[in-house]
Amino acid sequence: MSLPVGNWNYPTHTRFGAGRIRELPDACAALGIARPLLVTDPGLAALPLLAAARDSLAAAGRPASVFSALKPNPVGANVEAGVAQYRADGCDGVIAFGGGSALDVGKTVALMAGQRRPLWDFEDCGDNYLRADPAGIAPVVAVPTTAGTGSEMGRAAVIVNEAEQRKVIVFHPRMLPGEVIMDPELTVGLPSKLTAWTGLDALAHCLEAWCAPGFHPLADGIALEGMRLIHDSLPRAYADGADLRARGDMLAAAGMGATAFQKGLGAIHALSHPVGAHYDTHHGLTNAVFMPYVLVFNRPAIETRLEAAARYLGLPQPGFDGFLQWVMALREQLDIPHTLAELGVDAAAAGRIAAEAEQDPSAAGNPVPVKAPELERIFLAAVAGRLDA
Ligand SMILES: [Fe+2]
């Protein structure tokens, strides 16, 4: 059975297919990048696949400067260090290569490469992005090695403001990478645990976008098909990391989730962001724990939507309950804990988490309007494992 290959032009130019990492120098050339800053995770920096990418760039006369000093939940100082290296090494573009952290830092370094204002001035709030000088934004080639965040197809990045202990969404329309390489071979080495966690982040993106209110049939179509790909392929990618077809489906679904959530996210992400900022929990794992609690809370507003999704996914039992059962079974199959307590999160911080979740831009997309009291209720239910709350 031959593996799928595709060249896509929306939301951005994308080279999809096994082995297409070989086109990395071409992708740089397409954006006029001769001296890339290659931003990657510390764990990847030492792996042969990264050495191969560097060698191919050097052979093509586009040698890369490698930057990998970033945290799993990247902080503002990581971006500053990346920008300093970018300028010191005379770079003219960024290759963001890795999981969500590397992609987000790479995109943000590119945004900041030629700006004079501080990073936090570009928080996704109102028209803040208009403060940026578009001529100072460097081009980006994105190469995902996980299938979850979809940051390679997104226009934002999540960076922790350490002084305020808060995850800040940085946004600019031109943060959308100009070139994406989706090569399923790059994800075969991803451990099963991270396959599950990142894959469930992609599901959270599709699911929250699908349930977000507002008329956006483009996003709805993409979200629904993204959920189908995850339904069909996440358990297979988890069980057999070398299944390139399943890995490819998950890469596509991750990009689709990020494309779809232009419509909006919801309480899963609104709650997950402050929990991640305070407890340093994995973003996808945190979303996966919250997912059923938020679905149950939103039930009155999303019954029709989930019934349609259940039908499209071909679930054995259609309707809200059937969809919820699928989510619960998938979590169990992928060894996701049922409670936040199992992630080391306790009820003591409930008030603070809820107040911060209310301020998170994702909260506005929740199908049932949520303020701090409702968010606190959901948080406490998820700490204790009370799904009927
Ligand atoms: Fe997410």
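**Entry 1: a pairing to start from**

I began with one pair of residues: Val 141 of E6 has Glu 179 as its bridge partner in E9. I then looked at the two strands as a whole, and E6 and strand E9 (residues 179-182) pair in the parallel sense over two bridges. A reminder to myself before going on: this is a predicted model.

**Entry 2: how covered is E6?**

Next I checked the surroundings of E6. I found that five of its five residues are buried, so I noted the strand as mostly covered. In general, side chains of a regular strand alternate between the two faces of the sheet. With that in mind I looked at each side of E6. On one side I listed Val 140, Ala 142 and Pro 144, and on the other Val 141 and Val 143; all of them are buried, so both faces of E6 are covered.

**Entry 3: E5 and its neighbours**

Which strand also pairs with E6? I found E5, joined to E6 by five bridges and running parallel to it. I wrote down two of the partners: Val 94 goes with Val 140 of E6, and Ile 95 goes with Val 141 of E6. I then followed the chain from E5 through helix H5 (residues 100-112) to E6, and this β-α-β crossover is right-handed.

I also looked at E5 from the direction of E3. Strand E3 (residues 36-40) is joined to E5 by five bridges, and these two strands run parallel. Here Leu 38 has Ile 95 of E5 as its bridge partner. So Ile 95 turns up in my notes twice, with Leu 38 and with Val 141.

Why do I call E5 largely enclosed by the rest of the structure? Six of the six residues of strand E5 (residues 93-98) are buried, and that is the reason.

**Entry 4: Leu 57, a residue in a helix**

I moved on to Leu 57, which lies in helix H3 (residues 48-59). Is Leu 57 buried or exposed? It counts as buried because its relative accessibility is 0%, and buried means under 20%. I listed its contacts, leaving aside neighbours within four places in sequence: Leu 24, Pro 25, Cys 28, Leu 38, Arg 62, Pro 63, Ala 64 and Ile 95. I was pleased to meet Leu 38 and Ile 95 again in that list, since they are the bridge partners I had noted earlier. I also looked up a distance: the C-alpha atoms of Leu 57 and Pro 36 are separated by 9.0 Å, and the two are 21 residues apart along the chain.

**Entry 5: Glu 152, a charge inside**

I found Glu 152 in the loop between strand E6 (140-144) and strand E7 (156-161). What is the nearest side chain of opposite charge to Glu 152? It is Lys 107, 7.5 Å away, and Glu 152 has no salt bridge although it is buried. Beyond neighbours within four places in sequence, Glu 152 has contacts that include Leu 103, Pro 177, Val 180, Met 182 and Leu 251. Ala 142 and Pro 144 are in the list too, and I had already noted both as buried residues of E6.

**Entry 6: backbone details in loops**

I checked three spots in loops.

- Pro 11 is found in the loop between strand E1 (6-8) and strand E2 (13-16). The peptide bond from Tyr 10 to Pro 11 is cis, with omega near -5°.
- Gln 165 lies in the loop between E7 and strand E8 (166-171). I noted its positive phi, near 45°, in a residue other than glycine. Gln 165 has a relative accessible area of 37%, so I wrote it down as partly exposed.
- Asp 335 sits in the loop between helix H11 (320-333) and helix H12 (350-359). Its phi is also positive, about 60°, although Asp 335 is not a glycine. Its relative accessibility is 57%, so Asp 335 counts as exposed.

**Entry 7: the whole chain**

Last, I stepped back. I noted 13 helices and nine strands in the protein chain. Of its 389 residues, 58% count as buried. The C-alpha atoms fill a box of roughly 60 × 50 × 40 Å along the principal axes. I compared the radius of gyration of the chain, 20 Å, with the value near 21 Å for a compact globule of 389 residues, and the two agree. Finally, I looked at contacts with a separation of 6 or more: 77% of them are between residues 24 or more positions apart.

Definitions and conventions
Residues are numbered from 1 along each chain as its sequence is written. This is a predicted model: local features need pLDDT of at least 70, side-chain atom pairs count only at pLDDT 80 or more; totals for chains, interfaces and linings use all residues. Side-chain values use heavy atoms; hydrogens and water are left out. Helices (H or I, at least four residues) and strands (E, at least two) are DSSP runs, numbered from the N terminus. Buried means under 20% relative accessible area, exposed over 50%, partly exposed in between (1.4 Å probe, protein chains only). Lys and Arg count as positive and Asp and Glu as negative; His and the chain ends are not counted. A salt bridge is a side-chain nitrogen of Lys or Arg within 4 Å of a carboxyl oxygen of Asp or Glu. Contact means heavy atoms within 4.5 Å. Two strands pair if DSSP finds at least two bridges between them. A crossover is right-handed if, with the strands pointing away from the viewer, the path from the first strand over the helix to the second runs clockwise. The radius of gyration is taken over C-alpha atoms; the globule rule is 2.2 Å times the number of residues to the power 0.38.
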